[in-house]
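Reader: I'd like to learn how to read a fold from its coordinates. Could you walk me through one?

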Amino acid sequence: LKNIEPVYSLTTGLTHNIYIKTIEKVLPRIPDLEEWIDEKIIHKYSFNNWKNSLLKSHQPKSKEDLIESNIYRKRLAYDELLAHQLAIAIIRNYNQKTKGIEFKKNPNLVLKCINNLPFKLTQSQEYVWREIFEDLNSQHQMIRLLQGDTGSGKTVIALLSLMHAIDNNYQGALMAPTSILAQQHFNNLSKILKNLKINIVLLTGKDTGKSRLQKLSLIKSGKAQIIIGTHALIQEDVSYHSIGLVVCDESHRFGVFQRLSFTNKGKKPNVLTMSGTPIPRTLSLAAYGNIDQSRLTEKPEGRLPVVTKSLPIIKVNELVDRLYKKIESKEKIYWVCSLVEESEELDLQAATKRFEFLNTKFRGKVLLIHGQLKEKEKENVMKKFQSDDYSILVATTVIEVGVDVPLATTMIIENAERFGLSSLHQIRGRIGRNNLPANCILLFKENIGEMAKKRIKKM
């Protein structure tokens with residue numbers, strides 16, 4: 001028997017023994033690579049070489065290896081970050097050497113679209129749109145990051161950008177990380193543009209057979225002016241007639257090459273990446289490279305700030321009692337309970353348990369959504385939640401990005417101490433999307449660590 005054995009987070013159908021055996025077969029085949037990190041950096045952080053760091057991380061032999069495991073992980077993390085930065089640098093260098101697609105300044109559709117909106121643009125939106133408009137009209141390929149808190153109106157800016165592409169006889173694409181979010185974008189944009197006769201196509205992994213072929217034909221011929229979808233948009237059989245702009249929503253979910261892979265689909269289209277997660281300048285440099293940035297700094301008129309409170313989980317019954325009034329006034333409630341362990345199976349058990357508990361209190365008013373449901377089933381659950389009959393949606397973190405239910409005013413996050421700041425922020429962003437007061441309650445277990453306390457306080 002081994003004195004020390006690594007433990008890995010597994011997925012359904014994969015056992016610990018199979019994983020360990022596979023690792024044991026793979027590790028001896030790892031090649032010796034030449035050192036590529038600068039010597040000064042190696043001495044500064046006392047790094048081992050890449051191969052040794054990998055072996056020690058996966059097959060520690062002694063207590064010393066475990067104590068020093070942090071230095072091995074740091075070395076591997078540095079390799080990953082350096083590779084990412086080099087990828088960005090190579091792409092940027094390539095971009096600067098060749099011209100991008102230059103739009104002309106004739107924003108007819110843009111002005112019609114602005115007049116079609118049921119609200120007035122905020123000053124921040126107007127300022128950001130001018131920045132993007134000038135960038136799109138330059139000779140260089142636009143690669144820009146648009147940051148803004150959830151509900152600050154990033155999608156409207158994306159829509160104006162897409163309209164400007166169409167004004168210049170180019171197609172525009174909007175890529176979302178999930179099919180729920182892609183469908184939502186398709187529905188929202190279709191509503192806003194219904195009087196402008198713009199041809200919008202939705203392409204996701206669910207499209208197969210004849211339906212898919214028809215959509216691919218519309219995209220290739222140029223009849224599809226706006227193409228909305230998931231990763232399906234960058235599959236090999238998708239051929240664009242004249243792609244001029246690509247918008248990547250929640251782009252922290254996409255890798256560098258995914259965000260820029262449309263470059264291979266024709267001329268070099270402009271790229272607008274959007275993120276609702278607040279990223280400090282130094283961190284965004286690390287994640288995106290020296291990219292042009294625009295920031296939306298205000299919310300639409302009438303939106304109230306979300307009041308965030310923390311509560312120990314032992315007071316959960318008091319919290320449940322307060323929900324009756326919310327339900328009477330037809331407000332919607334999210335109850336997120338996930339990250340019990342690094343296991344989808346255990347996450348689902350926790351969510352199911354909470355669903356059953358709440359269903360005894362609010363019979364016929366509670367729904368459950370989780371990652372193991374098929375996309376069609378998830379969409380059906382969300383449609384039910386948007387109707388009048390249901391008030392509470394118990395969810396794992398599948399609701400983290402982009403789901404839009406305006407009547408949702410309360411967000412309860414169970415085991416909040418186990419979430420990172422980015423996830424907490426994204427989840428909280430699902431509420432406060434109307435002019436009603438909104439509340440986020442962070443439920444935490446007793447005796448949590450100092451870091452978790454700081455995160456909850458920061459929120």
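Author: Sure. Let's start with burial: a residue is called buried when its relative accessible area is under 20%, and exposed when that value is over 50%. Keep in mind that this is a predicted model.

Reader: What share of the 459 residues in the protein is buried?

Author: Buried residues come to 48% of them. As for the outside, the accessible surface is about 24,300 Å², and carbon and sulfur atoms own 53% of that.

Reader: How many helices and strands are there?

Author: You'll find 17 helices and 13 strands. On the contact side, take pairs with a separation of 6 or more: 76% of those contacts link residues 24 or more positions apart.

Reader: Next, cores. Which residues have the most contacts inside the largest nonpolar core?

Author: The general idea is that nonpolar side chains in soluble globular proteins tend to be buried together. Here the largest nonpolar core has 40 residues, and Met-163, Leu-193, Ile-198 and Ile-226 have the most contacts inside it. Helices α6, α7, α8 and α9 each give two or more residues to this core, as do strands β3, β4, β5 and β6. The top contributor is α8, with 9 residues.

Reader: And what does Met-163 touch beyond its neighbours within four places in sequence?

Author: Met-163 is in contact with Leu-109, Val-110, Cys-113, Leu-193, Ile-198 and Ile-226. Apart from this core there's another one, of 29 residues, with Leu-367, Leu-373, Ile-427 and Met-459 among them.

Reader: Cys-113 caught my eye. Is Cys-113 buried or exposed?

Author: Cys-113 has a relative accessible area of 0%, so it counts as buried. Cys-248 is buried too, because its relative accessibility is 0%. As for disulfides, the structure holds 0.

Reader: How about a polar residue: where does Thr-410 lie?

Author: Thr-410 is in strand β12, which covers residues 408–414. With a relative accessible area of 2%, it falls under the 20% cut-off and is therefore buried. Skipping residues up to four places away in sequence, its contacts are Lys-326, Lys-332, Ile-333, Tyr-334, Ile-431, Asn-439 and Ile-441.

Reader: Last one, backbone angles. What is phi of Asn-169?

Author: It's near 65 degrees, a positive value in a residue other than glycine. Asn-169 sits in the loop between α8 and β2, and it counts as exposed because its relative accessibility is 67%. Lys-197 also isn't a glycine, and its phi is positive at about 55 degrees. Look for Lys-197 in the loop between α9 and β3; its relative accessible area is 74%, so it is exposed.

Terms used:
Residues are numbered from 1 along each chain as its sequence is written. This is a predicted model: local features need pLDDT of at least 70, side-chain atom pairs count only at pLDDT 80 or more; totals for chains, interfaces and linings use all residues. Side-chain values use heavy atoms; hydrogens and water are left out. Helices (H or I, at least four residues) and strands (E, at least two) are DSSP runs, numbered from the N terminus. Buried means under 20% relative accessible area, exposed over 50%, partly exposed in between (1.4 Å probe, protein chains only). Contact means heavy atoms within 4.5 Å. A nonpolar core is a set of buried Ala, Val, Leu, Ile, Met, Phe, Trp, Tyr and Cys residues joined through side-chain atoms within 4.5 Å. A disulfide is a pair of cysteine sulfur atoms within 2.5 Å. Accessible areas come from the Shrake-Rupley method with a 1.4 Å probe; for residues, only the protein chains shown count as cover.
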